[in-house]
Amino acid sequence: MQSSTLKQLFVTAILLFLSAVAQADDENLFPLPPELEPDVNFWLSVFTRYDTSEGVLHDNRNLAVVYEAVALPEKATRAQRQRVSDKRRQHFKKILQTLASGKRDNLTADEARVLKLWPPDVTNAELAAAVGRIRFQLGLSDRFREGLERAGRWRQHVEAEFIRLGVPVAMAALPHVESSYNPDARSHVGASGIWQFTQSTGRRFMQVDHILDERNDPFLATTAAGKLLAYNYSIAGNWPMAITAYNHGLAGARRAMREFGDDAYVDILRKYKGRTFGFASRNFYVAFLAAKEVDQNPDKYFPGLVPEDPVDYSSVALDAYVSASDLASVLKISEREIASYNPGLQATVWQGSKYLPKDYELRLPSQILAAPLTTLLADLGPDKRYARQLPDLYHTVGRGDTLSQIADAYDTRVSTLVSLNALSSQHRIRIGQKIRLPAAGPLVAASSVASRTAVPPPPAEAPAPVVVAVAEVPPAVDEPDSSELPRDELADEPAVDDMAEEPAIDTVLVVDAELLSALEAAENGEAEEAAPTVLLSDPSDYTVANDNTIEVHPLETLGHYADWLGIRTQRLRDVNSLAFRTPVEVGKRLKLDFAIVSVEDFERLRTDYHRLQQDTFFRNHRITGITEHVVKPGESVWILSLRRYDVPVWLFRQYNPELDLHNVRPGTRLSFPILVDNKPAA
């Protein structure tokens, strides 16, 4: 037997042993209070009993109350599912209204059955409230089974990485809830890959740009997910709330813990009324527990299931920039096949407008290669190895893009893009429109900002237009949905002819998130919950307290607050009895005046500001780990952060959110994120 095979068997045996040890401790790490058992059982039935040809109507607060399983038309569209479920929902609304009126005698069979679903002492008021809580949940057993099969490709890697990072291996069940282990999964808020990272969170730990989107690489994204989960745990202090924070955000999880207690899981999931803590957030932990149960006992729920085998990969870091066509030529396999095994590479690479980046770790199955990968790559002559990346020439506008976002992505100015493209306004761009970038040079004809001439298509000899998948950015904390923003700040909806061209190789498959996410809030007969903050990994509380005070955070000044409130800074000084030139102190509380701007608008502007600062920072840097430092006499937190560890104070504070920056004593243990610079995109 070959030594590599023996090594693989040894590694597998070690992982199985460690997994068994970890599972034995699950009850302590992932507690299941008796009050939450009906919720877990509900998700077990969704994951294992009902498939996508049916769904259930249920109470969205008391998951033990399931009114009916609803059969759906074959290959039903979302609209068809909506119509079918709405019809049955109306039926049960009438029944509940009848029961809420106090009727208990001479009940029909359906009325008696519905009443029996509730406790014997159910009140008329509770039944009346239940009228508006009937939700439809699509079955997912077929998707879950497919996910269990797919998970075999990466399971050894996931468990090995989690053991290395100190994360319980049971967390390998989380992608079943997030994506059904589908690497092509894309959500309506721009989350991507098996771990469903948003752009903002993904950039903390990975490279996410128009050349590389490592969120879509299951191997790299798994390492990032382990780091994120370990970070969540370091802040939350327990796994139930660390998991909840993965969906809801650390700031919201910390607010809930402050209100009810760190481990008051039942009260938090039942009673917490955060404005973005809707059905998905309330159910994320219990859905994970159900997914973990199925993941650890697949034969019990899906007899005969055979997971896919992991692929034996060869990998090599490229020592130069390489074109996709030249790479395919020397490897003697198609670009499409290379793309399928390297999903982090963006469409720009396969269109020929970008090279595969230098230092990129190319990964391909050994069995499809005619020779060792290093041998094949040696056939790339000097004339096919490039020292520089191709410049960006065009950007195709995607849904939700703004000109300012595009300018930021390509390190240019809005005014430059307006001039280069003869735009009549910086606020009017269309989905599918090709925005000329500085590297493409000016238009052939002289243009002026006032010109209304349409942007011409790229010349025939130019590289194919760059298609950058800039995800639709979800709203920030309590931010209105993009549909509520001024229309001219978003890319216009396209006519059919305005749609972007299909990429030469379609490596980005947008899947139906409703079928992949067990927690999809659509079709539930209730107002869809607000999207959680895009600052999911920021534990800072940017909300306004009931007494109209806020906690001061790094990067903020009185001038910022005055601008967001529409008042003068002197008014804030008067309200807070601050002498002229007295600075605001990080961590202190400040009273605000909301005479002009609402609390919601202030919070939105404040969060937008921090989102922009953090997004800009993480375009250029990413977090690779954490180091600890024990404070010695005479040391300053500010000096340690900015000079010794080269970490911005705002980021340092995110890793030490409970620390009083003005009262740090010798012996205090501090955490500092380890940062590295991203490779430039161009």
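Asp-295 is tucked away in this predicted model: the residue is buried, with a relative accessible area of 8%. Even so, Asp-295 has a charged partner, forming a salt bridge with Arg-155 in which the closest N and O atoms sit 2.5 Å apart. That pair ties together distant parts of the chain, since Asp-295 belongs to helix H15 (residues 279–296) and Arg-155 to helix H8 (residues 155–165), 140 residues apart. Below is a quick tour of the salt bridges, then of helix H12, which packs on H15.

**The protein as a whole**

- The protein has 28 helices and 11 strands.
- Of its 682 residues, 52% count as buried.
- Take the contacts in the protein with a separation of 6 or more: 73% of them come from residues 24 or more positions apart.
- The structure holds 30 salt bridges, and a few of them are picked out next.

**Arg-275 and Glu-603**

- Arg-275 pairs up with Glu-603 in a salt bridge, with 3.1 Å between the closest N and O atoms.
- This is another link between distant parts of the chain: Arg-275 lies in the loop between helix H14 (265–271) and H15, Glu-603 lies in helix H26 (residues 599–620), and 328 residues separate them.
- How accessible are the two partners, Arg-275 and Glu-603? Arg-275 is partly exposed, at a relative accessible area of 46%, while Glu-603 has a relative accessibility of 1% and counts as buried because the cut-off for that is under 20%.

**Arg-669 and Glu-628**

- Over in the strands, the side chains of Arg-669 and Glu-628 meet in a salt bridge, 3.4 Å from N to O.
- Arg-669 is in strand S11 (residues 669–677) and Glu-628 in strand S10 (residues 621–630), so this pair, with its partners 41 residues apart, also links distant parts of the chain.
- Arg-669 is exposed, with a relative accessible area of 54%.
- Glu-628 is partly exposed, with a relative accessible area of 49%.
- As for salt bridges that share partners, Asp-59, Glu-126 and Arg-133 are joined by them into one network.

**How H12 meets H15**

- Helix H12 (residues 239–248) packs with H15 at an angle of about 130°, and their axes are 9 Å apart.
- Parallel, perpendicular or oblique: which word fits H12 and H15? That angle makes H12 oblique to H15.
- The crossing of the two helices is right-handed.
- On the H12 side, the residues in contact are Pro-240, Ile-243, Thr-244, Tyr-246, Asn-247 and His-248.
- On the H15 side, they meet Ala-280, Ser-281, Phe-284, Tyr-285 and Phe-288.
- Sorted by type, the residues of this contact come out as 7 nonpolar, 4 polar and no charged.

**H12 and its surroundings**

- H12 is largely enclosed by the rest of the structure, because 10 of its 10 residues are buried.
- Those buried residues include Trp-239, Met-241, Ala-242 and Ala-245, as well as Pro-240, Ile-243, Thr-244, Tyr-246, Asn-247 and His-248, the six that meet H15.
- Which helices do the buried residues of H12 pack against? They pack against helix H2 (26–29), helix H9 (174–178), helix H11 (218–236), helix H13 (250–260), H14 and H15.
- H15, then, is a neighbour of H12 and also the helix that carries Asp-295, the partner of Arg-155.

Methods: Residues are numbered from 1 along each chain as its sequence is written. This is a predicted model: local features need pLDDT of at least 70, side-chain atom pairs count only at pLDDT 80 or more; totals for chains, interfaces and linings use all residues. Side-chain values use heavy atoms; hydrogens and water are left out. A salt bridge is a side-chain nitrogen of Lys or Arg within 4 Å of a carboxyl oxygen of Asp or Glu. Helices (H or I, at least four residues) and strands (E, at least two) are DSSP runs, numbered from the N terminus. Buried means under 20% relative accessible area, exposed over 50%, partly exposed in between (1.4 Å probe, protein chains only). Axes are lines fitted to C-alpha atoms, for helices over the stretch in contact, and angles run from 0 to 180 degrees between N-to-C directions. Angles under 35 degrees count as roughly parallel, over 145 as roughly antiparallel, 65 to 115 as roughly perpendicular and the rest as oblique. A crossing is left-handed if the near helix is turned anticlockwise from the far one by less than a right angle, and right-handed if clockwise. Contact means heavy atoms within 4.5 Å. Ala, Val, Leu, Ile, Met, Phe, Trp, Tyr, Cys and Pro count as nonpolar, Asp, Glu, Lys and Arg as charged, and the others, Gly among them, as polar.
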